[in-house]
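Trainee: I have just opened this one and could use a guided tour. Can we take it piece by piece?
Mentor: Gladly, let us look at it together.

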Amino acid sequence: MIGGLDNCLFVDQPDAPRVDPRYRAGCEGPNGSAAQLVEDSLEKLEPAGTSNPEFPLGYTLFVPLLRLLEPAPDGSWTVDMAAARRIARTVQSVDRPVVLYLFSDHFSTGARAEAVLARDQANFLQSPDGPLPVDAYYGAPLYPWSFARFDNGITHSRELAMRAVIDAVCELPQRAQQHVFGVTVLGETHHLFPHFESGMGYGSPYVISDYSPASQRKFKEYLERQFGSIAQLNQKLGSDYRSFAEVEPPSKDIRTQKLTRFEEHIDSFADGVLPVEGWLYASEDAGRRKLGAPAWVRIYRDGVQVGRVQAHLGRQDVLAAHPEFGTADVGWHLDLRFADWPPGVHRIDVMAERSDGSLVRLASRQVSVVDRHQSTPTLQPSAKLPAFQESAAGVLAHVDQPVDGASYFYNPLVPYWNLFREQQVRDYLTHFQAIAAGACIPADKIYSHQIVPFVNPGWDMTKFGIGSDLAVPATMGLGVSLYGEAAYGISFLDWYVQSGRHRYGITEFHPLKAMTSGQLGALLERHRAHGLKFLSFFLRGAGTGDQNSQGGNPFVFDPANLQFGSDVLFRSMQTVLGSH
């Protein structure tokens, strides 16, 4: 994904950033395109005559859809067709495979249309308190655009721009159309919450989307389709609704807000799942474990082992605090379903497992599972734990969840609300999948460009509302962004094998650490063996200067970017591609 191409693609727009004078003439005029920029940018990775047929080098063409829109005198929007044709001519003129990234999610691109669309709150996702405010992400605006309805301005704008690009590409000669290897739609599509940059975990107030009138109405319809009769719903929930019209999405926290009925309660855990998570680094283990090798964690409930997980998930925050570890792969996570536990006070014990079988206790927490009547919980009986040590040299750890003394309330309506929220995302992606599959784009070339929350052990997945399948329609190719351990470890691939899917693309790739060419090549082969069709990483575009990170992007592969081993990854990728 080459930085700076959109400066050329939108060169005629009055607010477009300045294009390097060496390339401006090629961008402008009736035959203008970004082709020379693409070729010169890729030349750094793959000079002429050095290609590796095992890994053909193409490019991802980032197309910010809202930047294609121009205001019309009557207040509507028209498409900048000169830019749309410039995009198509770039596809035609570069004789390489291209992934068209038809981008329009919540991240700002500086489009003129953004500020106008933001004036209409019908375009925003809503929390129980009303439309979400415009947020910020690394200093740039973040717009909580709504996907809960199809009759608003943001949806119509996306449709208009996407159709224009697809139509322009489909007007190309057939040979040029075949350059299109794939099309990814929209970008990260999921529910939002306030303070997106820092609010992904469990500590912040539980304020989620979408509670617009359209979502509330459709949720009632969803329940009626699921249950058929209100009696069936009441039997499942233990509720006493008189009709589906009475059902409201759960929106209040029983600890801080007055409830009219128990089914109104919601928080990070109301779907009946209690996360147990933290990080563990074992620097030494009686000489039998390599320094820093992933360790195992055992979890006990009331003295009985209920889980065993490996501490191998990425925790960049831990690495930042402990650079001496030399690895971020120290996180672990286990979800425990408490919905079926007897109400009462339960004890959770977390143990580090050493290679000789001995245990070191990392934490002991008491948590309360409270029934719908808020009866006073009583201490539950507990079995005797196996022998353990309270501490050991070289074992460093922290247990983030659960918090000691935490209370948990299971609301059986919440799982249906979360499933409904997932379906909203899936329906929106399906809608734009159909638009992207235009007259010349085969359906099997359409991919998502989705976030993967579950590979981040500290994130609350329920806030994103995309569930365990990422809300990607079964008929759509899976496009995912993988950073850190998810890119090179087992967390994503283990999930992918269980997903039943047969092809995927990595829409954004960064291991967040240096890798040799041998390690990188082996990693690419491992992904290909699992069904990988394309992999995209950020590359600094030609003519964009010598700054360390293009456009403030710390993940760009470049010899001048020392962040996250990006300079080493650039050179390793050169070698894999056969240029060194």
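Trainee: Where should I begin, and how do β4 and β9 pair?
Mentor: Strands β4 and β9 (residues 180-186) pair in the parallel sense over six bridges, where strands are DSSP runs of E of at least two residues, helices are runs of H or I of at least four, and both are numbered from the N terminus. Two strands are said to pair if DSSP finds at least two bridges between them. Within this pairing, F103 has L186 of β9 as its bridge partner.

Trainee: Before I go on, what kind of model is this, and how are the residues numbered?
Mentor: It is a predicted model, in which local features need pLDDT of at least 70 and side-chain atom pairs count only at pLDDT 80 or more, while totals for chains, interfaces and linings use all residues. Residues are numbered from 1 along each chain as its sequence is written, and side-chain values use heavy atoms, with hydrogens and water left out.

Trainee: Back to β4, then. What does β4 pair with besides β9, and which residues stand opposite each other?
Mentor: Strand β1 (residues 59-64) is joined to β4 by six bridges, and the two run parallel. V63 stands opposite L102 in β4, and T60 stands opposite V99.

Trainee: What is the strand order of that open sheet of four strands, and which strands stand at the edges?
Mentor: The order is β1-β4-β9-β19, with parallel pairing. β1 and β19 (446-447) stand at the edges with a single partner strand each, so one side of each has no neighbour in the sheet.

Trainee: Is β4 buried or exposed?
Mentor: Six of the six residues of β4 (residues 98-103) are buried, so the strand is largely enclosed by the rest of the structure; buried means under 20% relative accessible area, exposed means over 50%, and partly exposed lies in between, using a 1.4 Å probe and protein chains only. V98, L100 and L102 point one way from β4, whereas V99, Y101 and F103 point the other way, and all are buried. In a regular strand the side chains alternate between the two faces of the sheet.

Trainee: Which helix lies across β1, β4 and β9?
Mentor: That is helix α4 (residues 81-93), which runs at about 175 degrees to β1. Such angles run from 0 to 180 degrees between N-to-C directions, with axes being lines fitted to C-alpha atoms, for helices over the stretch in contact.

Trainee: Changing topic, what is the order of the open sheet with three strands?
Mentor: Its order is β20-β21-β22, and the pairing is parallel. The edge strands are β20 (478-483) and β22 (532-535), each of which pairs on one side only, and the twist averages 25 degrees from one strand to the next. Six bridges join β20 to β21 (residues 504-510), and L482 stands opposite F509 in β21.

Trainee: And which helices go with that sheet?
Mentor: Helix α14 (residues 491-499) packs on the sheet and touches β20 and β21, its direction making about 160 degrees with that of β20. Helix α15 (residues 517-529) lies across β20, β21 and β22, running at about 155 degrees to β21.

Trainee: Which residues of α15 are buried, and what do they pack against?
Mentor: The buried residues of α15 are L520, G521, L523, L524 and H527. They cover an arc of only 160 degrees around the axis, which puts them on the same side of α15; the arc is that of the directions from the helix axis to the C-beta atoms. These buried residues pack against β20, α13 (485-488), α14, β21, β22 and α16 (566-576). After α15 comes G531, whose phi is positive, near 115 degrees.

Trainee: One residue I had marked is G278. Where is G278 found, and what is G278 in contact with?
Mentor: G278 is found in strand β10 (residues 273-282) and is buried, with a relative accessible area of 0%. Leaving aside neighbours within four places in sequence, G278 is in contact (heavy atoms within 4.5 Å) with R315, V330, G331, W332, H398, V399 and D400. G278 and D400 are 122 residues apart in sequence and 4.9 Å apart in space, C-alpha to C-alpha.

Trainee: Last one, how many helices and strands does the protein have?
Mentor: The secondary structure comes to 16 helices and 22 strands, and buried residues make up 57% of the 580 residues.
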